[in-house]
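Dear colleague,

I am passing on to you the structure that I have been looking at, and below it you will find my notes on its cysteines and its pockets.

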Amino acid sequence: MQRERVDEQAFRSQSAFLYNNIISMYTRCGSLRDSHLVFDKMPHRTLVSYNTLLSAYSRVSDYAISALKLYTQMETKGLRPSSMTFTSLLQASSLHEDWLIGSLLHAKGLKFGFLNDICVQTSLLNMYSNCRDLSSAELVFWDMTDRDDVAWNSLMVGYLKNNKIEEGVRLFIAMVRLKEFGFPKPDDYTYAGVISATGAFPSSSYGKPLHAQVTKAGFERSVFVGSTLVSMYFKNHESEAAQRVFYSISGKDVVLWTEMITGYSKMTDGMSAIRCFFEMHHEAHEVDDYVLSGVLSACADLAILRQG
């Protein structure tokens with residue numbers, strides 16, 4: 001009822017400022033359908049109107065194509081795009097993994113003079129990485145004069161996602177060494193990415209040295225990093241090490257609990273998996289399908305053992 005009153009008053013207005021704020025409110029609430037309905041009813045759409053909707057669309061994979069269509073409409077209206085426009089469009093093409101559209105946007109960005117903008121550069125780097133064009137991603141990266149931690153992480157994750165593990169690890173090592181000279185420091189996203197990508201290797205090769213780096217950097221209690229460490233140790237059949245990491249983290253989330261339960265289950269340690277499940281339930285965490293799958297698998301393992 002309150003939403004209808006807000007919309008009714010807005011539709012009586014001719015103010016683009018008011019419409020833009022309502023569109024922004026709906027996008028922040030995740031209601032993209034309502035935001036587009038308001039956009040369609042605007043008497044006068046501005047660059048801000050288009051950018052607000054483009055930014056929201058570019059973060060949701062199902063709306064990536066809608067973002068590109070919206071830009072075409074914007075062009076027909078004769079509106080000149082901004083660097084924010086291209087940042088959103090590159091994010092949309094990255095989500096859609098559309099190299100052709102992304103490279104065309106690269107050319108347009110050059111035409112409009114946006115390639116010196118750090119946000120455009122980072123989105124361009126991320127797009128090429130996601131589209132598996134690492135040669136172009138490297139060119140963008142080394143052409144940047146001010147590489148922030150997002151740029152370093154984008155190229156590193158691009159390497160790791162495309163099975164170029166050695167290149168990704170080398171870039172990570174360079175990042176660690178260069179932090180002493182004022183370069184961006186690896187953050188929890190950096191550590192989580194490299195630990196996850198190298199988790200299948202023997203822990204002595206990558207996992208344990210990386211764990212030591214995590215402790216040195218002060219991220220040992222990060223639930224984000226902790227989840228990747230737990231996963232890595234279970235892949236190496238080191239459940240005690242995984243358990244030590246798990247219990248050292250106070251603010252456990254569902255992902256971390258799931259890693260423990262599925263890790264025990266994969267090691268056919270059904271009793272530990274079920275015990276962990278009851279602990280999770282006792283702490284009132286929401287149980288999802290992944291957790292239930294791990295517990296059911298653990299129950300099945302116990303049943304087979306009893307039959308044997």
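A disulfide is counted here when two cysteine sulfur atoms lie within 2.5 Å of each other. By this rule the count is zero disulfides, and Cys131 shows why, since its sulfur is 19 Å from the closest cysteine sulfur, that of Cys119, which is too far for a bond. Cys131 is also buried, with a relative accessible area of 14%, whereas Cys29, at 60% relative accessibility, counts as exposed (buried is under 20%, exposed over 50% and partly exposed in between, with a 1.4 Å probe and protein chains only).

Please keep in mind that this is a predicted model, in which local features need pLDDT of at least 70 and side-chain atom pairs count only at pLDDT 80 or more, while totals for chains, interfaces and linings use all residues. Residues are numbered from 1 along each chain as its sequence is written, and side-chain values use heavy atoms, with hydrogens and water left out.

As for the pockets (open sets of points on a 1 Å grid over the protein atoms alone, where a 1.4 Å probe fits, with protein on both sides within 12 Å along at least five of seven lines; lining residues have an atom within 4 Å of a point), the largest has a volume of about 380 Å³, a volume being the space filled by probe spheres set on the points, which are joined across faces, edges and corners. The largest pocket is lined by 17 residues, and those nearest its centre are Ser94, Asn126, Asn130, Ser154 and Tyr189.

The second largest pocket holds about 250 Å³ of space, and 14 residues line it, with Leu115, Gln121, Leu124, Val140 and Asp143 closest to its centre.

Best wishes
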